[in-house]
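Work through the exercises below with the sequence and the structure side by side, and try each task before reading its solution.

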Amino acid sequence: MAQTDLVLYRRACKVIPTGVGTYSKMPDRFGNGFPIYSRWSEGPYVWDSRGEGYIDMASALGAVILGHNNKYIRQKIRQFAGDGEIMSLTHPKVVELAERLVSLIPCAEQVRFLTSGSEATTAAVKIARAYTNRDLIITFKDHYHGWHPWFSYTQPKSAGSGLAHTVSCIEVDKLFTLRAAPAAVIMEPARFEALPLEAIRKWCTQWAVVLIFDEVVTGFRYPGGSAQKHFGVTPDLACFGKALTNGMAPFSFVCGKKELMQVIEKDCFISSTYAESLTAITAAMATLDVLESEKWPIWDIGREILKDLPVKHKGFPCRFMLDVRREFLVECCKRGLLIGPHLSIFPTLAHRGIIDKIKEIINKVASTNC
Ligand SMILES: Cc1ncc(COP(=O)(O)O)c(C=O)c1O
């Protein structure tokens with residue numbers, strides 16, 4: 001760990017709980033041998049507080065999909081900056097983007113924009129409860145849906161979540177043994193293993209339970225733009241965020257069947273002041289432009305990285321993990337490849353030109369029997 005990082009970290013801990021912006025970036029998640037802070041980024045690279053550069057495979061926790069600080073998006077944002085940012089009336093581009101998403105995502109007949117993944121999943125749960133007039137929400141073990149009380153109640157750091165006793169976190173198989181219908185099942189449609197999506201869809205339909213796919217991570221990474229399209233299973237509602245703007249503005253949305261989304265027009269209140277940021281909308285449009293014209297390239301880039309890799313790994317090409325010890329990742333870091341011990345690897349378009357370099361570093365570290 002660099003001396004400059006330690007000095008900054010001591011300062012930070014006085015004014016910021018944990019000393020960094022979010023849990024996944026905490027130094028104890030990485031450990032010795034990893035930088036804590038990064039000053040700038042470009043394409044596949046980030047630079048630490050000493051000016052040391054790394055190939056970044058954590059891709060801002062999956063928010064970056066084209067590459068850091070993408071020039072095309074920056075140019076588009078500059079182009080529309082003259083129009084303003086947040087206005088008192090809705091900008092026509094909001095409608096344009098919603099139409100585009102409706103034509104792209106199988107379950108989306110209507111869309112409501114928000115600002116973070118947690119907001120989108122919270123909105124989906126609220127819509128499901130309002131629609132079914134039931135309270136219980138089923139989540140699955142190890143699936144993550146954000147920090148809001150309805151979900152964090154079931155997680156280890158649950159203090160402050162209140163008495164939200166209407167969420168049950170179970171193993172996937174247990175779903176099929178439930179005897180009372182919940183309002184909804186919310187799940188990540190893909191993590192690091194195949195999930196019985198068709199059986200879950202069938203069970204939800206049979207019991208009139210709302211099926212919510214949390215595509216905050218899978219969204220725009222899978223071929224066709226979503227896991228629901230790739231696996232051919234359509235949920236009732238879905239949530240997207242992260243890669244939507246290539247990480248260049250906070251943005252998310254909940255979408256789904258019109259019949260459910262219409263509760264927002266009735267008695268289900270969902271509202272967010274910053275949900276119509278023109279920067280975010282412009283960045284989302286530009287990200288979609290690139291991904292569509294490149295025909296959803298992330299899966300193939302990931303596959304290329306994984307080809308003949310001499311270490312065990314789990315997951316799918318568009319998001320995976322190396323099954324190695326922390327020391328292996330420290331050695332990769334020393335050689336300029338940043339893979340966090342607890343972080344997924346998220347391939348981006350910017351990695352495409354340096355796949356050989358990435359493999360060379362991993363192969364070299366593997367040859368040391370680390
Ligand atoms: C699958 C999933 N859903 C929801 C969220 C929450 O998103 P955010 O951190 O933008 O609130 C995350 C964040 O990592 C996530 O991985």
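**Exercise 1.** Which residue follows H13, and what is the sign of its phi?

Solution. The model is a predicted one, in which local features need pLDDT of at least 70 and side-chain atom pairs count only at pLDDT 80 or more, while totals for chains, interfaces and linings use all residues. Residues are numbered from 1 along each chain as its sequence is written. Helices (H or I, at least four residues) and strands (E, at least two) are DSSP runs, numbered from the N terminus. With this numbering, H13 is followed by Gly336, whose phi is positive, near 95°.

**Exercise 2.** List the buried residues of H13 and find what they pack against.

Solution. A residue is buried if 20 or more other C-beta atoms, placed from the backbone, lie within 10 Å of its own. In helix H13 (residues 326-334), Phe328, Leu329, Glu331, Cys332 and Cys333 are buried. Taking contact as C-beta atoms within 7 Å, these buried residues pack against E3, E13 and helix H14 (355-367).

**Exercise 3.** Trace the sheet to which E3 and E13 belong.

Solution. Two strands pair if DSSP finds at least two bridges between them. The order E1-E2-E3-E13 describes an open sheet of 4 strands with mixed pairing. Its edge strands, each pairing on one side only, are E1 (38-42) and E13 (337-338). Strand E3 (residues 53-56) and E13 run parallel and are joined by 2 bridges, and the bridge partner of Ile55 in E13 is Leu337.

**Exercise 4.** Which helix gives the largest share of the shell around the ligand?

Solution. Helix H6 (residues 117-132) does, with 3 residues.

How values were computed:
A residue is buried if 20 or more other C-beta atoms lie within 10 Å of its own, exposed if 12 or fewer, and partly exposed in between; C-beta atoms are placed from the backbone. Two residues are in contact if their C-beta atoms, placed from the backbone, lie within 7 Å.
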